[in-house]
Amino acid sequence: MISALPPPRADRAAADASATAWALAARGGDPDAADHFVRALHADVLRYVAHLSGDPQTAHDLTQDTFMRAFGSLHRYEGRASARTWLLAIARRAVADSLRRAAVRPRIADAVDWQRAVERSQPGGLPGFDEGVALLDLLESLPDERREAFVLTQVVGLSYEETAGFVGCPVGTVRSRVNRARTSLDQLLQEAEAPGARAA
């Protein structure tokens with residue numbers, strides 16, 4: 001299950017500094033640094049693309065695509081932004097490109113939705129499984145901008161300032177989006193836990 005609690009700010013700052021140093025060393029051709037760079041940021045990219053795309057099934061492919069793009073342009077990375085911020089910007093473009101490709105892909109009418117069938121066949125009694133699925137469903141119901149701000153600050157662990165720079169809006173707007181996302185999630189949880197909803 002994906003944790004919604006970001007790491008403490010001091011820990012994240014140290015991790016960001018290490019990841020940035022590894023990215024710069026990898027740019028210089030150090031294969032061990034490249035491995036450390038991937039390991040340091042893989043989980044953050046995976047969480048981000050899973051929530052941003054709204055499709056956890058393709059998250060691993062999108063994560064791999066993100067790192068392939070990153071290594072393809074690593075020679076241009078100069079460390080002005082943290083490696084995490086730089087990599088999440090690449091992940092965002094990877095998701096956007098994936099959604100654009102999916103939008104133009106022809107769909108076959110009256111066909112079995114195999115992805116949904118597989119999802120229904122997955123075990124549901126695992127500890128935390130149902131809560132994780134419920135969280136993903138609730139996040140999918142949020143408008144894109146609110147979901148992105150919530151995921152970046154509450155799941156990935158970026159500060160409001162970093163998120164504002166990343167999405168290109170004022171800090172106050174990020175705070176407002178996160179607050180509205182929390183309010184919406186609280187309302188959805190209350191509706192889901194209402195006696196009538198449980199009976200249904």
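At 7% relative accessibility, Ser159 counts as buried (buried means under 20% relative accessible area, exposed over 50% and partly exposed in between, with a 1.4 Å probe and protein chains only). Ser159 sits in the loop between α7 and α8; helices here are DSSP runs of H or I with at least four residues, strands are runs of E with at least two, and both are numbered from the N terminus. The C-alpha atom of Ser159 lies 9.8 Å from that of Arg12, although the two residues are 147 residues apart along the chain.

A word on the model itself. It is a predicted one, so local features need pLDDT of at least 70 and side-chain atom pairs count only at pLDDT 80 or more, while totals for chains, interfaces and linings use all residues. Residues are numbered from 1 along each chain as its sequence is written, and side-chain values use heavy atoms, with hydrogens and water left out.

As for the overall layout, the protein has 10 helices and zero strands, and its pattern along the sequence reads α-α-α-α-α-α-α-α-α-α. Of its 200 residues, 34% are buried. Contacts (heavy atoms within 4.5 Å) often span long stretches of chain: among those between residues at least 6 apart in sequence, 66% join residues at least 24 apart.

Helix α7 is a good place to start looking at the packing. It is mostly covered, with 10 of its 13 residues buried. Those buried residues are Arg147, Glu148, Ala149, Phe150, Val151, Leu152, Thr153, Gln154, Val155 and Val156. Right after α7 comes Gly157, with a positive phi near 100 degrees.

Two packed helices are described by the angle between their axes and the distance between the axes. Axes are lines fitted to C-alpha atoms, for helices over the stretch in contact, and the angles run from 0 to 180 degrees between N-to-C directions. For α7 (residues 144-156) and α8 (residues 160-167), the axes come within 10 Å and cross at roughly 140 degrees. The two helices are therefore oblique to each other, given that angles under 35 degrees count as roughly parallel, over 145 as roughly antiparallel, 65 to 115 as roughly perpendicular and the rest as oblique. The crossing of α7 over α8 is right-handed (the near helix is turned clockwise from the far one by less than a right angle; anticlockwise would be left-handed). On the α7 side, the contact is made by Glu148, Ala149, Leu152, Thr153 and Gln154, and on the α8 side by Tyr160, Thr163, Phe166 and Val167. Sorted by class, that contact holds five nonpolar, three polar and one charged residues, where Ala, Val, Leu, Ile, Met, Phe, Trp, Tyr, Cys and Pro count as nonpolar, Asp, Glu, Lys and Arg as charged, and the others, Gly among them, as polar.

Helix α7 also packs against α2 (residues 31-53), at an angle of about 155 degrees and with the axes 10 Å apart. That makes α2 roughly antiparallel to α7, and this crossing is right-handed too. Here Asp44, Arg47, Tyr48, His51 and Leu52 of α2 meet Arg147, Glu148, Val151, Leu152, Val155 and Val156 of α7. The class count for this contact is six nonpolar, one polar and four charged residues.

Glu148 turns up in the contact with α8 and in the one with α2. This α7 residue is buried, with a relative accessible area of 7%. Its side chain makes a polar contact with the side chain of Arg92 at 2.9 Å; such a contact is a pair of N or O atoms within 3.5 Å, and within protein one must be able to donate a hydrogen and the other to accept it, with residues adjacent in sequence counting only if both atoms are side-chain atoms. Leaving out residues up to four places away in sequence, Glu148 touches Tyr48, Leu52, Arg92, Phe166 and Val167.

Tyr48, over in α2, is buried with a relative accessible area of 0%. Beyond its neighbours within four places in sequence, Tyr48 contacts Leu88, Ala91, Arg92, Glu148, Val151, Leu152, Val156 and Phe166. Tyr48 and Ala91 are 43 residues apart in sequence, yet their C-alpha atoms are 7.9 Å apart.

Helix α2 has another partner in α3 (residues 59-73): their axes come within 8 Å and cross at roughly 130 degrees. That makes α2 oblique to α3, again with a right-handed crossing.
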